[in-house]
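Please look over the sequence and the model shown here. The paragraphs after it walk through a few local features, one region at a time.

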Amino acid sequence: MTKIAHDRLIIIDFGSQVTQLIARRLRELNVYCEIHPFNKVDDAFLRAFAPKAVIFSGGPASVFTDGAPMPPKVVFDMGVPILGICYGQQVMMHCLGGKVERGHGTAEFGRAYVAPTEDRDPILSGWFEDGNEQVWMSHGDHVSEIAPGFRVLGTSHNAPFAITADNKRHFYAVQFHPEVHHTPKGAKLYENFVKLAGFQGDWTMGAYREKAICNIREQVGAEKVICGLSGGVDSSVAAILIHEAIGDQLTCVFVDNGLLRLGEAEQVVSMFRDTYKIPLIHADESDLFLNALEGVSDPEVKRKTIGRLFIEVFEKHAKSIGGAKFLAQGTLYPDVIESVSFSGGPSVTIKSHHNVGGLPEKMGMRLVEPLRELFKDEVRALGRELGLPAHFIGRHPFPGPGLAIRCPGEITREKLDILRRADAVYIDQIRKHRLYDEIWQAFAAILPMKTVGVMGDGRTYDYALALRAVTSVDGMTADYYPFTHDFLSETATRIINEVRGVNRVFYDCTSKPPGTIELE
């Protein structure tokens, strides 16, 4: 098997919700990195991994708690550069002879400003050219005394040691989060760090493709694989990548669960059978799913029910093709981090995704998830690398549970029919006004309420609809799209006129956080 060799950086994950954003920043710099949770990285693992540099992520813990997350002791003796972020800074100071104190009025959450000290350092090349720099803080505890050998490069109102460095050992530590967009020059700090560490920047999406193909072949061997195909970008890229790796060992299964958008089943079946020539089973299981969801209103129960039924359908068709041992999915990292912590780390669960937290504990197949470490924009880049057409790569995300999570409360066939038609009008409006490519994701949701209206001089009592549209880079954070009032008025009028059963339309202007992109 071909080995893909690169200079490697390891990110030791202490449980931050934004650890993967660190990897994003490094990938943008063409640096190969892997994330591993602190409790899976011991001295032997670290020596075998042989990283050229190490980054400690942030995390929700305190160094004062029993069993607080700690790095392996050998990491400080390997002679490689280390960068500590937030909790990563605190744990560095704690381990190397400095002091950390509990909050006591020195906590910082959100936007803050760091001022430079008189000392200058290459780690801050490009910083402080126009005065203080905006950063994003999220800490309760703080460093009160730096470890021997370190010096202070920057301070904030509540963090006197906001930026520190030990140049002799090439150890650097910051109290803020340079990986988030709210630290405008955070990417520059990472660029400086990897330059100081001697990385050549030789990792690309083409290299990721090669690595993924090698991993798929190694994992699967000569066994058969079925791929749960939704027709969206994620599962389609996964299917084409896996087909490139193992050819006819792959069979795609497209499950029509009765929760798809208008005309979607026909489009997906036609595209894969006619364009990609990948073996495809079209499983119409709409009655199975909708009967099981009847009377269910709790969103977690919906997701887990859908996940269980998907697996049952996949297992049935795995037997029909002679016993597939593997199930492939287009799971992305935002799905993983909101459902379970990445690689078993200690981050907090936000919600279950049908293909992650919603999977049954006992399953007759093992998972193949070649996109599990990627964000949506990286999947699109991989799709371009694989030759998918631009109009397809640019499609808005569509959740695996489909319209079930755009129908808060109880699901009925009537509500789904109304929702399909309304969503089609909404997307048509967005395309008509040439806004589709400016928006990360847009959809309609039918609310669990009816309102009184007047139509044709008569009283109506019909459903209310919510429209949602957001802009985003990676799906981890999002802002609502600022439609004009004219657009919203025109769209609401079209929906009410063309979709029977709706008499009121709202626009959701909530960002993520505090909301999520989907309603459930």
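Is H170 buried, partly exposed or exposed? With a relative accessible area of 35%, H170 counts as partly exposed, where buried means under 20% relative accessible area, exposed means over 50%, and partly exposed lies in between (1.4 Å probe, protein chains only). The model is a predicted one, in which local features need pLDDT of at least 70 and side-chain atom pairs count only at pLDDT 80 or more, while totals for chains, interfaces and linings use all residues. Residues are numbered from 1 along each chain as its sequence is written, and side-chain values use heavy atoms, with hydrogens and water left out.

H170 lies in the loop between β10 (159-166) and β11 (171-174). Helices (H or I, at least four residues) and strands (E, at least two) are DSSP runs, numbered from the N terminus. Although H170 is not a glycine, its phi is positive, about 60 degrees. The two strands on either side of this loop, β10 and β11, form a hairpin with four residues between them. They pair in the antiparallel sense over four bridges, where pairing requires that DSSP finds at least two bridges between two strands. Within this pair, D166 stands opposite F171 in β11.

Strand β10 also has a partner on the other side in sequence. β9 (residues 151-156) pairs with β10 in the antiparallel sense, again over four bridges, and a hairpin of two residues joins β9 to β10. S156 has A159 in β10 as its bridge partner. How many of the eight residues of β10 are buried? Seven of them are, so β10 is largely enclosed by the rest of the structure.

A second enclosed element is helix α3 (residues 87-96). Eight of its ten residues are buried, so α3 too is largely enclosed by the rest of the structure. The buried residues are Y87, G88, Q89, Q90, V91, M92, M93 and L96. Just ahead of the helix, C86 lies in the loop between β4 (82-85) and α3. C86 is a residue other than glycine with a positive phi, near 55 degrees, and at 3% relative accessibility it counts as buried. After α3 comes G97, whose phi is also positive, near 110 degrees.

The next topic is internal space. Rolling a probe the size of a water molecule over the atoms shows where empty space is left. The structure holds two cavities of 30 Å³ or more; a cavity is a set of points, on a 1 Å grid over the protein atoms alone, where a 1.4 Å probe fits but cannot get out, and lining residues have an atom within 4 Å of a point. Grid points are joined across faces, edges and corners, and a volume is the space filled by probe spheres set on the points. The second largest cavity has a volume of about 60 Å³. Its lining is made up of R27, V31, Y32, C33, E34, W203, Y208, K211 and E373. The elements that give two or more residues to this lining are β2 (32-37) and α5 (205-220), and β2 supplies the largest share, three residues. Five of the lining residues are nonpolar, none is polar and four are charged, with Ala, Val, Leu, Ile, Met, Phe, Trp, Tyr, Cys and Pro counted as nonpolar, Asp, Glu, Lys and Arg as charged, and the others, Gly among them, as polar.

Last come two peptide bonds. The bond from K512 to P513 is cis, with omega near -15 degrees, and P513 lies in the segment after β20 (502-507). A cis peptide bond also joins P513 and P514, with omega about 15 degrees.

Notes
1 Å grid on protein atoms, 1.4 Å probe; cavity = no way out; pocket = protein on both sides within 12 Å on 5 of 7 lines; lining within 4 Å.
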